[in-house]
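The following exercises are to be worked with the sequence and the coordinates at hand. Each task is followed by a solution in steps.

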Amino acid sequence: MATKIRLQRGGRKGYAFYSIVIADARAPRDGRFTEKIGTYNPNTNPATVDLNFDRALYWVEVGAQPTDTVRNILKKEGVYMMKHLRTGVKKGAFDEAAAQKKFDAWKDEKVKGFDAVRQQVEKAKKEAAAKELEAEKKINEAIAQKVAEKKAAAAAQAEAEAPAEEAAPAEEAPAEA
């Protein structure tokens, strides 16, 4: 029986969320599966992966074939790196402790890279928010200036009309006497 490591779709329309599952190659995408080994959320930046590393490594070592997307996920999580290091241990190139040390160093470097990307994204968001705020302030100042001009014009017009109204009743009063 050919075993595949594949994604099983979930979530709602327009917001996909996937489970990483072990399934028979003949089973449909969202059908029966043997084991669920993790989840994948492509909607976040960067994409969020929650993986049972040991089970994923076990299934890769026993010959389960991942789909292209799952293969990329497993590579990013280090499953293939650990498989490669374990092969080196079996061949006698180095011992288990050295393999674990190499894997930990690789993983730390990956985490630093992800952190740098997250910081850049956060910095870009803050800068974009600051630019939007400045643009909004300029627009609000322009609107406030227009409103002040309209109020000043209305006040000037009211002042011009007020003396004319006061002068007209004064002229009429002597005529009546």
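**Exercise 1. The largest pocket**

By class, how many nonpolar, polar and charged residues does the lining of the largest pocket have?

Solution. The model is a predicted one. Step 1: establish the extent of the pocket. Its volume is about 340 Å³, and 16 residues line the pocket. Step 2: sort the lining by class. Seven of the residues are nonpolar, three are polar and six are charged. Step 3: locate the centre. The residues that lie nearest the centre of the pocket are Ala47, Val49, Lys76, Glu77 and Phe114. Step 4: assign the lining to elements. Two or more residues are given by each of β4 (48-51), α2 (68-77) and α4 (96-176). The largest share, six residues, comes from α4.

**Exercise 2. The pairings of β1**

Determine which strands are joined to β1, and in which sense each pair runs.

Solution. Step 1: consider β2. Strand β1, residues 3-12, and strand β2, residues 15-24, are joined by ten bridges and run antiparallel. Step 2: examine the turn. Arg12 has Tyr15 of β2 as its bridge partner. Two residues lie between the strands of this hairpin, and Gly14 there adopts a positive phi near 85 degrees. Step 3: consider β5. Strand β5, residues 65-66, runs parallel to β1, with two bridges between them. Lys4 has its bridge partner in β5, namely Gln65.

**Exercise 3. Gln65 in its surroundings**

Is Gln65 buried, exposed or partly exposed?

Solution. Step 1: place the residue. Gln65 belongs to strand β5. Step 2: apply the cut-offs. Buried requires under 20% relative accessible area and exposed requires over 50%. The relative accessibility of Gln65 is 45%, and therefore the residue counts as partly exposed. Step 3: compare sequence with space. Gln65 and Lys4 are 61 residues apart in sequence, while their C-alpha atoms are 4.8 Å apart. Step 4: list the contacts. Residues up to four places away in sequence not counted, Gln65 touches Thr3, Lys4 and Ile5.

**Exercise 4. The buried side of α2**

Identify the buried residues of α2 and explain how they are arranged around the helix axis.

Solution. Step 1: select by accessibility. The buried residues of α2 are Val70, Ile73, Leu74 and Glu77. Step 2: consider their directions. These residues cover an arc of only 95 degrees around the axis, so they are on the same side of α2. Step 3: inspect what follows the helix. Gly78 comes after α2 and has a positive phi, near 95 degrees.

**Exercise 5. β3, β4 and a loop residue**

Describe how β3 pairs with β4, then decide whether Ala27 is buried or exposed.

Solution. Step 1: characterise the pair. Strand β3, residues 35-41, and β4 are paired in the antiparallel sense over four bridges. Six residues separate the two strands in their hairpin, and Asn41 is opposite Thr48 of β4. Step 2: locate Ala27. This residue is in the loop between β2 and β3. Step 3: apply the cut-off. Ala27 has a relative accessible area of 16%, and is therefore buried, the criterion being under 20%. Step 4: describe the surroundings. Apart from neighbours within four places in sequence, Ala27 is in contact with Arg6 and Arg32. The C-alpha atoms of Ala27 and Leu7 are separated by 12 Å, the two residues being 20 residues apart along the chain.

Definitions and conventions: Residues numbered from 1 in each chain as written. Predicted model: local features only at pLDDT ≥ 70, side-chain atom pairs only at ≥ 80, totals over all residues. Heavy atoms only, no water. 1 Å grid on protein atoms, 1.4 Å probe; cavity = no way out; pocket = protein on both sides within 12 Å on 5 of 7 lines; lining within 4 Å. Points joined across faces, edges and corners; volume = space filled by probe spheres on them. Nonpolar A, V, L, I, M, F, W, Y, C, P; charged D, E, K, R; others polar. Pairing = 2+ DSSP bridges. Buried < 20%, exposed > 50% of the residue type's maximum accessible area, 1.4 Å probe, protein only. Arc of directions from axis to C-beta. Contact = heavy atoms within 4.5 Å.
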